[in-house]
Every structure is written in C-alpha cells, then in structure tokens.
Amino acid sequence: ARLAILASGRGSNLQAILDAIAAGTLDASVVGVFSDKPEAQALQRVPEALRWARTPKSCGGRDAFDAALAEAIEAVRPDWVVCVGYMRILGAAFVQRFAGRLLNIHPSLLPKYKGLHTHQRALEAGDAEHGASVHFVTAELDGGPVIAQARVPVRPGDDAETLAARVLAVEHPLLLQVLRLAAAGRLAERDGRVFVDAQPV
Ligand code: GRF
C-alpha cells in the first residue's frame, strides 16, 4: 500500500513505519512525507525527494495551504493518508477529499481528551489508565470512528513526560497493527462506522 504521511514534529511514529517496512513486517511504501513545519525532524527521516513542506503563511492562509497540501498528496496517489503528530486541524474540504482513507493516531483513549495536552489532563483527572487511539479522520477534531486502542497504566509519581513516554511506546505497535490491516485491504470506513474484514468493529 502507498502511504502518504502527515507530520509536524519528531516523527517517531513515522520511524516505526519505516523500520517495519525495512524489516518486511509492513507491506507498504512511504510515498511522501508532508509537513506544515519545514524544520520538522520527521522530514529528515526520508530522502529529500519524498519531502513536502510549506508554511500556511507561505501559501497565503489556511485554506490555500490545505488546497496545496491536498494537491501534493493527490500527486503521489496514496492508498492511505496517515497523520502522525500532525498539529494542524484539517479542514472539511481536505477531509472530504480523502474520506475513508485518512487516519490519525491520538494519544488518548478517545472519546476522552480530544485535542491537546492529553497526558496532563489524564493526570489531573486522576485516571488509573491512559493510552492511544487510531481513528478515521472526520471534520470533527479527534472525533472520527475509532479503529483500535492501546491502554497503559498511570503510575504513582507519573508526570506528563513519563506518561507520554509510556503511551508512545504502545502507539508504535498500535499504529503498525492498524496499517497492516489497511495494507491488506481489510480496513474500511462506511457511514461513520469501522469495518474490518467487512465486519463492523
Ligand atoms: C504522538 O504522541 C501522537 O499520538 C501525537 O503526537 C505524537 C507524535 O509523536 N499526535 P511522533 O512525532 O510520531 O514522535
């Protein structure tokens, strides 16, 4: 499967994808890495030819940026578009163009803690567990149908950093598990529902 990656930061999830492809445990290829941050470390993990980065400012605003991003992604003919630490909200027009093949990994047990600072919020709520979710992207921020989740315990003495590290460690295998289903043609979204092997999840 052809994967287009959207990332704004470090890119450890992207690296997990690249490592799985190299190890032969994910039947896919990364056909482009797209970022709103030209300095994103994620971009450095792939050859120059696969990088696309613009600032919304340089495109003349959010809508123009989203349109340029969508064109650039369409140009590489992806089977799936995967957001891994992509820190901009994708507008409805963009989401529509890639509906059904647009995925995101979010560091919380959705529907809890949509948005930012999820680890701090889980700690402040005194939750006993936390985790990550992979979901289809819809126009509602972090609101799309959830495909799979991974849970970790919150431990005494945790702060946002230690909890984030424990969550990140389960994000990588969770994401790869979902991408293997996608690459095998076993994952679909229909009418806001997730189907694996044509069975509703
Ligand atoms: C991950 O925690 C992901 O869930 C969140 O941002 C972080 C991205 O990390 N959306 P990385 O850039 O993949 O290392």
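Note on a predicted model

1. Pro173 lies in helix α6, which runs over residues 160–183. The model discussed in this note is a predicted one.

2. Is Pro173 buried, partly exposed or exposed? Its relative accessibility is 46%, and Pro173 therefore counts as partly exposed, since that class lies between the 20% limit for buried and the 50% limit for exposed. Pro173 also has a partner in space that is remote in sequence: Ile17 is 156 residues away along the chain, yet the two C-alpha atoms are separated by 9.4 Å.

3. The next point is the annotated site. In the UniProt record, an unreviewed entry, the annotation "active site" covers His106. In the model, His106 is placed in strand β5, made up of residues 102–106.

4. His106 has a relative accessibility of 4%, so it counts as buried; the limit for that class is under 20%. Which residues does His106 touch, leaving aside those up to four places away in sequence? They are Tyr113, Lys114, Gly115, Thr118, Gly131, Ala132, Ser133, His135 and Asp142.

5. The same kind of record supplies a domain. The UniProt annotation "domain: Formyl transferase N-terminal", again from an unreviewed entry, covers residues 2–179. Over residues 2–179, helix accounts for 36% of the chain and strand for 23%. The C-alpha atoms at the two ends of this stretch are 11 Å apart.

6. For the protein as a whole, the secondary structure comes to six helices and 10 strands. The C-alpha trace spans about 45 × 40 × 35 Å along its principal axes.

7. How does the radius of gyration bear on the overall form? A compact globule of 201 residues would have a value near 17 Å, and the protein has 16 Å, which means that the two agree.

8. Of the 201 residues, 49% are buried. Contacts were also sorted by separation along the chain: among those between residues at least 6 apart in sequence, 59% join residues at least 24 apart.

9. The surface and the charges complete the picture. The protein exposes about 9,400 Å², and 53% of this area is supplied by carbon and sulfur atoms. There are 22 positive and 22 negative charges, and their mean positions are 2 Å apart.

How values were computed:
Residues are numbered from 1 along each chain as its sequence is written. This is a predicted model: local features need pLDDT of at least 70, side-chain atom pairs count only at pLDDT 80 or more; totals for chains, interfaces and linings use all residues. Side-chain values use heavy atoms; hydrogens and water are left out. Helices (H or I, at least four residues) and strands (E, at least two) are DSSP runs, numbered from the N terminus. The radius of gyration is taken over C-alpha atoms; the globule rule is 2.2 Å times the number of residues to the power 0.38. Buried means under 20% relative accessible area, exposed over 50%, partly exposed in between (1.4 Å probe, protein chains only). Contact means heavy atoms within 4.5 Å. Accessible areas come from the Shrake-Rupley method with a 1.4 Å probe; for residues, only the protein chains shown count as cover. Lys and Arg count as positive and Asp and Glu as negative; His and the chain ends are not counted. The place of a charge is taken as NZ of Lys, CZ of Arg, CG of Asp or CD of Glu. UniProt positions are given in the numbering used here, feature names are shortened, and annotations may be inferred rather than shown by experiment.
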